Each structure stands twice: as structure tokens, then as C-alpha cells.
Amino acid sequence: MLFFSYFKELVGKEVTVELKNDLAIRGTLHSVDQYLNIKLENTRVVDQVKYPHMLSVRNCFIRGSVVRYVQLPPDGVDIEILHDATRREARGS
């Protein structure tokens with residue numbers, strides 16, 4: 001639940017999602033659910049030469065089980081909130 005609540009705070013910000021098949025998609029985070037399924041808007045593929053068939057895709061839904069990494073915007077990371085939430089979760093509160 002820690003990551004779900006954190007990702008909810010990033011709605012409206014630009015993120016890059018790297019999938020397990022090495023496809024990286026950059027877009028505006030529209031929504032995320034408890035399974036970390038992600039909906040992106042205004043998407044573009046990071047490596048357009050390798051994936052030209054993805055150039056026309058503007059919105060996409062990404063199943064959480066195929067996500068390898070999510071690159072967050074540098075200004076969107078609040079380390080103190082993550083530290084506090086991690087401590088609370090470790091204590092079981």
C-alpha cells in the first residue's frame with residue numbers, strides 16, 4: 001500500500017514506465033490502482049526508432065505485473081514522506 005498511496009500523489013505529473021519487454025513509455029500519470037495498474041495520457045515512446053508502431057498511441061493502460069521500473073520526476077520525490085511511511089509500515093501501524 002505504501003507505493004499505491006505514493007503514486008496517487010503523482011497523478012498529473014510526467015513519469016516514464018519501463019516494461020519487462022524493454023519498452024519505455026513516457027507520459028502524464030492519469031490514474032493508478034491498488035495493483036499498480038497505470039493509465040498514462042499524452043504518451044510517447046522513449047526509443048521511437050525501435051518501436052515505430054507505437055508512435056500513434058496517445059493514451060495507454062499498463063498492467064502492473066508487466067512494469068519493471070517507474071522513473072519519477074525529480075521534483076516529485078519527497079524523501080521525508082517515504083521515510084516516515086516506511087517506518088510506520090515496518091512497525092505495523
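At 45% relative accessibility, Asp22 is partly exposed in this predicted model. The residue belongs to a small set of charged side chains, described here before the overall architecture. Asp22 and Arg68 form a salt bridge, with the closest N and O atoms 2.7 Å apart. This pair connects distant parts of the chain. Arg68 belongs to strand β5, whereas Asp22 sits in the loop between β1 and β2. In sequence the two residues are 46 apart. Shared partners in salt bridges bring Glu18, Asp22 and Arg68 together in one network.

The bridge between Arg68 and Glu18 belongs to this network as well. Its closest N and O atoms are 2.9 Å apart. Here too, distant parts of the chain are linked. Strand β5, which spans residues 67-71, supplies Arg68. Strand β1 supplies Glu18. The separation in sequence is 50 residues. Arg68 itself is partly exposed, and its relative accessible area is 34%.

A further salt bridge joins the side chains of Arg44 and Glu14, at 3.2 Å from N to O. Arg44 lies in strand β3 (residues 38-45) and Glu14 in strand β1 (residues 14-19), so the bridge ties together parts of the chain that are 30 residues apart in sequence. Both partners are partly exposed. For Arg44 the relative accessible area is 34%. For Glu14 the value is 39%. In total, the model contains three salt bridges.

The loop between β2 and β3 was examined next. Asn37 is placed in this loop. Its relative accessibility is 14%, and Asn37 therefore counts as buried, the cut-off being under 20%. A polar atom of the Asn37 side chain lies 2.7 Å from the backbone nitrogen of Gly64. Leaving aside residues up to four places away in sequence, Asn37 touches Ser31, Val32, Phe61, Ile62, Arg63 and Gly64. Gly64 thus appears both in this list of contacts and as the residue whose backbone nitrogen faces the polar side-chain atom.

Gln34 is also found in the loop between β2 and β3. Unlike the buried Asn37, Gln34 is partly exposed, at 47% relative accessibility. Gln34 and Leu10 are 24 residues apart in sequence. Their C-alpha atoms are 14 Å apart in space.

The overall architecture gives these details their setting. Two helices and five strands make up the secondary structure elements of the protein. Along the sequence they follow the pattern α-β-β-β-β-β-α. The five strands thus stand between a helix at the start of the pattern and another at its end. Along the principal axes, the C-alpha atoms fill a box of roughly 45 × 25 × 20 Å.

Burial and contacts were then computed for the whole protein. Of its 93 residues, 32% count as buried. Contacts between residues at least 6 apart in sequence were also considered. Among them, 48% join residues at least 24 apart. The protein exposes about 6300 Å². Carbon and sulfur atoms supply 53% of that area.

Charge was the final property considered. The protein carries 13 positive and 12 negative side chains. The centres of the two sets lie 4 Å apart.

How values were computed:
Residues are numbered from 1 along each chain as its sequence is written. This is a predicted model: local features need pLDDT of at least 70, side-chain atom pairs count only at pLDDT 80 or more; totals for chains, interfaces and linings use all residues. Side-chain values use heavy atoms; hydrogens and water are left out. A salt bridge is a side-chain nitrogen of Lys or Arg within 4 Å of a carboxyl oxygen of Asp or Glu. Helices (H or I, at least four residues) and strands (E, at least two) are DSSP runs, numbered from the N terminus. Buried means under 20% relative accessible area, exposed over 50%, partly exposed in between (1.4 Å probe, protein chains only). A polar contact is a pair of N or O atoms within 3.5 Å; within protein, one must be able to donate a hydrogen and the other to accept it, and residues adjacent in sequence count only if both atoms are side-chain atoms. Contact means heavy atoms within 4.5 Å. Accessible areas come from the Shrake-Rupley method with a 1.4 Å probe; for residues, only the protein chains shown count as cover. Lys and Arg count as positive and Asp and Glu as negative; His and the chain ends are not counted. The place of a charge is taken as NZ of Lys, CZ of Arg, CG of Asp or CD of Glu.
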